[in-house]
Amino acid sequence: MLIFKGKHRRPSKAVRVATLAGVAGAAVAVPLMGATSASAASVATWDKVAQCESGGNWSINTGNGYYGGLQFSNSSWAAAGGTQYAPRADLATKAQQIAAAEKLLAIQGPGAWSCAGAGNLTAGGPAADVDTSAQTKSAPKQESAKPEAKKAPSSEDRASRSAERKSTGHGNYTVKAGDTLAKIAKAHGTDWKSVYKANKSVIGGNPNLIIPGQQLNV
C-alpha cells in the first residue's frame, strides 16, 4: 500500500509512518497467517494509523488506487483476505478493514504502512477486538484528497513486490527492519531521492519498499 498523507492518507498516511518524505519503511515478508497476539494491534492503534493515512475516514475513495481508512490497494486488500468482506476496502466496515489489516501486518510487518510510526504500530500488540459480521457498505462517492496528501510513485503493490525482490545488492549499508530511505539518507547526510537513484536496480520501482538485508550504496 502506498502513501496518502493526510497524511494518511497514508496518512494513512494514507497512510502508511509519521511519514518520512512519503517513503515507507522496510517490510519483512513472512508467510501468510492469521492475526495473533504476535502480529496484531489494538483498535485504538489502528484508529491512529487511519487518522494519519486518511484523516480517519474509513470510507474514503479519492480515485488514487488506495481505499478505506488504512489505504489498501486492491491487490493488498485481496492478499489480506479482504475480498471476503467487500470488493474494495472502502466498501468494507471499519472492523472488516482492521481484520484485513491485521493479516497484512502478519505478512509484511508495520513497514506496510508509512504511518505506522504515527500510531505506534508494532507487530507485537494485542489482537484488535472487532466484529466483522456487520453488513458491508454501499459504494460511496469519490472524495477529494487533502491538498497535502501525496503518494510516493509506484506501479507495484507491496505484497507482490516483496516476493519479487531477489537482488540484495553489494553496497556499504545493510537495510535493517524499520529502515526507510529517508532515515538512511538523513543518517548519511543526503536525501532519499539520491539514495533511491543510486540503488534503483536493487530496490526496484517502489521506493516505499526496502527489504531488510538489502545492501545499498549510500
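A residue is called buried when its relative accessible area is under 20%, exposed when that area is over 50%, and partly exposed in between, with a 1.4 Å probe and protein chains only. By that definition, buried residues make up 53% of the 218 residues in the protein chain.

This is a predicted model, in which local features need pLDDT of at least 70 and side-chain atom pairs count only at pLDDT 80 or more, while totals for chains, interfaces and linings use all residues. Residues are numbered from 1 along each chain as its sequence is written, and side-chain values use heavy atoms, with hydrogens and water left out.

**Overall layout**

Helices (H or I, at least four residues) and strands (E, at least two) are taken as DSSP runs and numbered from the N terminus. The protein chain holds seven helices and two strands, and when it is read along the sequence these follow the pattern α-α-α-α-β-α-α-α-β.

**Helix 1 and helix 3**

The expected span of a helix is 1.5 Å times one less than its number of residues. For helix 1, with 12 residues, that gives 16 Å, and its end C-alpha atoms are indeed 16 Å apart, which agrees. The buried residues of helix 1 are Thr 45, Trp 46, Val 49, Ala 50, Cys 52, Glu 53 and Ser 54. Seen down the helix axis, these buried residues fall within an arc of 160°, so they line one face of helix 1; the arc is that of the directions from the helix axis to the C-beta atoms. An α-helix has 3.6 residues a turn, so residues three or four places apart point the same way. The buried residues of helix 1 pack against helix 3, where contact means heavy atoms within 4.5 Å.

Helix 3 itself has 15 residues and reaches 20 Å from its first C-alpha to its last, close to the 21 Å expected at 1.5 Å a residue. Because 13 of its 15 residues are buried, helix 3 is largely enclosed by the rest of the structure. Ile 98 belongs to helix 3 and counts as buried, at 1% relative accessibility. The C-alpha atom of Ile 98 is separated by 9.6 Å from that of Gly 82, a residue 16 places apart from it along the chain.

**Links between distant parts of the chain**

A disulfide is a pair of cysteine sulfur atoms within 2.5 Å, and by this rule the count comes to one. Cys 52 and Cys 115 form this disulfide, with their sulfur atoms 1.9 Å apart. The pair links distant parts of the chain, since Cys 52 lies in helix 1 (residues 43–54) and Cys 115 in the loop between helix 3 (94–108) and helix 4 (158–164), 63 residues apart. The link between Cys 52 and Cys 115 is left-handed, with -60° about the S-S bond, and both Cys 52 and Cys 115 are buried.

A pair of aromatic rings is described by the distance of the centres and the angle of the planes. Rings of Phe, Tyr and Trp (its six-membered ring) pair if their centres lie within 6.5 Å, and planes under 30 degrees apart count as stacked, over 60 as edge-to-face and the rest as tilted. By this rule the count comes to two aromatic pairs, set out in the table.

| Aromatic pair | Centre to centre | Angle between planes | Type |
|---|---|---|---|
| Trp 46 and Trp 113 | 5.1 Å | 65° | edge-to-face |
| Phe 72 and Trp 77 | 5.1 Å | 70° | edge-to-face |

The pair of Trp 46 and Trp 113 also links distant parts of the chain, with Trp 46 in helix 1 and Trp 113 in the loop between helix 3 and helix 4, 67 residues apart. Trp 46 is buried, with a relative accessible area of 0%, and Trp 113 is likewise buried, with a relative accessible area of 0%. In the other pair, Phe 72 is buried and so is Trp 77.

A charge sits over a ring if NZ of Lys or CZ of Arg is within 6 Å of the ring centre and within 35 degrees of the ring normal. Arg 88 lies in this way over the face of Tyr 67, at 5.0 Å from the ring centre.

**Residues with a positive phi**

Helix 1 is followed by Gly 55, whose phi is positive, near 70°, and just after helix 3 Gly 109 takes a positive phi of about 85°. Gln 71 has a positive phi of about 50° although it is not a glycine; Gln 71 lies in the loop between helix 1 and helix 2 (74–79) and counts as buried, at 1% relative accessibility. Asn 120, also not a glycine, has a positive phi of about 55°. Asn 120 is placed in the loop between helix 3 and helix 4 and is exposed, with a relative accessible area of 58%.
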